[in-house]
Amino acid sequence: MNLLVTGGAGFIGSNFVMYMLREHPNYEIVNIDALTYAGNLENLKSVEQNPNYSFIKADIRDAKAIDEVFQQGIDVVVNFAAESHVDRSILEPDVFVKTNVFGTQVLLDAAKKYGVTKFVQVSTDEVYGSLGETGLFSETTPLAPNSPYSASKAGGDLLVRAYHETFGITVNITRCSNNYGPYQFPEKLIPLMISRALNDQPLPVYGDGLNIRDWLYVEDHCSAIDLVIHEGQDGEVYNIGGNNERTNVHIVKTILEQLGKPESLITYVQDRPGHDRRYGIDPTKITTELGWKPKHSFETGIKETIDWYLNNQEWWMRIQSGEYEQYYEKQYGIR
Ligand code: NAD
């Protein structure tokens, strides 16, 4: 299988590339990424010599560049490429619409032109909006995105649906809860809090800290996507989550405890505008219809993750200093 992974230099995409090369040693994987601030090829050092892996620097908004990629012969597309940070979407919504909506449409056009066998859109539970104290998101929950990020992801999802209905492209949409694990860009909650705690800096927690997210270890997300590629029914949406709802402040306290740092580092800051109160995923469909099961419990996954950031401080320090941006140039000799 020739598998095109977009956004494979990001957090989940790079974990997915490594996972697929390990699980399917006979698949050819082409990774395309625009290498925005969030793309880091250093994540993929361990596979860059693998003859079944190749990288092309390309922007999913660039129809000509994308057409050239598809000319290589692509069987399946997994679209991770996105602007992904809610806070940035509040400051700068336009780039979210351009990449997450328009970029998805460019990929769909190429998928249609070259007749790929499947297009998998990697989406998020955030498209469903916010929950009250009870209930869970199912695949039939109406889309009600509240941030420019989630609205742009919902826009991309609707285009995937429309290309399926109108042009008959074989598609799946996956909607996963919050991921955690190695290689997450250190602006996101868990790596941000770890790096600040290690420096004894105050840990900013939005509002009362009681917003709830449903957490999943990144490799369990990868195994779910792998299953959807092979077993997902045409046109279906699959929610992915591990029933691990935790408040933000619980996550921060867990990190402080494991690092042996005092809770006095927690500093409550003004809440994010439009901050969704609670997300919770009902994964019944993917577990019963496709037989997916996460391997990591939250307690062991979070412990391993904190250890990973402790043991790989150089990785996130190079990001914080901006040094990682020179890696591509050094490695490939071009910008
Ligand atoms: P990330 O920000 O770490 O990675 C995104 C990658 O996309 C980066 O490598 C970036 O360079 C690349 N990219 C951005 N714009 C591009 C463009 N125009 N053309 C080509 N590449 C571009 O994000 P992530 O956390 O790894 O998320 C990956 C996907 O999974 C996203 O689609 C996101 O919406 C979805 N998702 C994320 C989570 C989560 O908890 N992180 C949960 C559910 C779904």
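Hi everyone, let's start with a helix pair: helix α6, residues 189–198, packs against helix α8, residues 248–259, at an angle of about 40°, and their axes are 10 Å apart. The axes here are lines fitted to C-alpha atoms, for helices over the stretch in contact, with angles running from 0 to 180 degrees between N-to-C directions. That angle makes α6 oblique to α8, since under 35 degrees counts as roughly parallel, over 145 as roughly antiparallel, 65 to 115 as roughly perpendicular and the rest as oblique.

Before going on, please keep in mind that this is a predicted model: local features need pLDDT of at least 70, side-chain atom pairs count only at pLDDT 80 or more, and totals for chains, interfaces and linings use all residues. Residues are numbered from 1 along each chain as its sequence is written. Helices (H or I, at least four residues) and strands (E, at least two) are DSSP runs, numbered from the N terminus.

Back to our pair. The crossing of α6 past α8 is right-handed, meaning that the near helix is turned clockwise from the far one by less than a right angle, where anticlockwise would be left-handed. On the α6 side, the contact uses L189, I190, M193, I194, A197 and L198, and these meet N248, I251, V252, I255, L256 and L259 of α8. Contact here means C-beta atoms, placed from the backbone, within 7 Å. By class, this contact has eleven nonpolar residues, one polar and no charged ones. For the classes, Ala, Val, Leu, Ile, Met, Phe, Trp, Tyr, Cys and Pro count as nonpolar, Asp, Glu, Lys and Arg as charged, and the others, Gly among them, as polar.

Now a second pair. Helix α2 (residues 63–71) packs with helix α4 (residues 93–114) at about 35°, with axes 10 Å apart, and α2 also passes α4 in a right-handed crossing. Here A63, I66, D67 and F70 from α2 meet V106, L107, A110 and Y114 from α4. That contact has seven nonpolar residues, no polar and one charged.

L107 brings us to the core, as it is one of the residues that V77 touches. Which members of the largest nonpolar core touch the most others? Of its 80 residues, they are V77, F119 and I225. Such a core is a set of buried Ala, Val, Leu, Ile, Met, Phe, Trp, Tyr and Cys residues joined through C-beta atoms within 7 Å. Buried means 20 or more other C-beta atoms within 10 Å, exposed 12 or fewer, and partly exposed in between, with C-beta atoms placed from the backbone. Leaving out residues up to four places away in sequence, V77 touches L4, L107, A111, V116, F119 and V120.

Next, some loop residues. N146 sits between β5 (118–124) and α5 (148–167). With 17 other C-beta atoms within 10 Å, N146 is partly exposed. Its C-alpha lies 7.4 Å from that of D276, although the two are 130 residues apart in sequence. Beyond neighbours within four places, N146 is in contact with G129, S130, G274 and D276.

Finally, two positive phi values outside glycine. L35 has phi of about 50° and lies in the loop between β2 (28–33) and β3 (53–57). N243 has phi near 55°, in the loop between β10 (237–240) and β11 (245–247). Thanks for listening, and I'm happy to take questions!

Note on methods. Contact = placed C-beta atoms within 7 Å.
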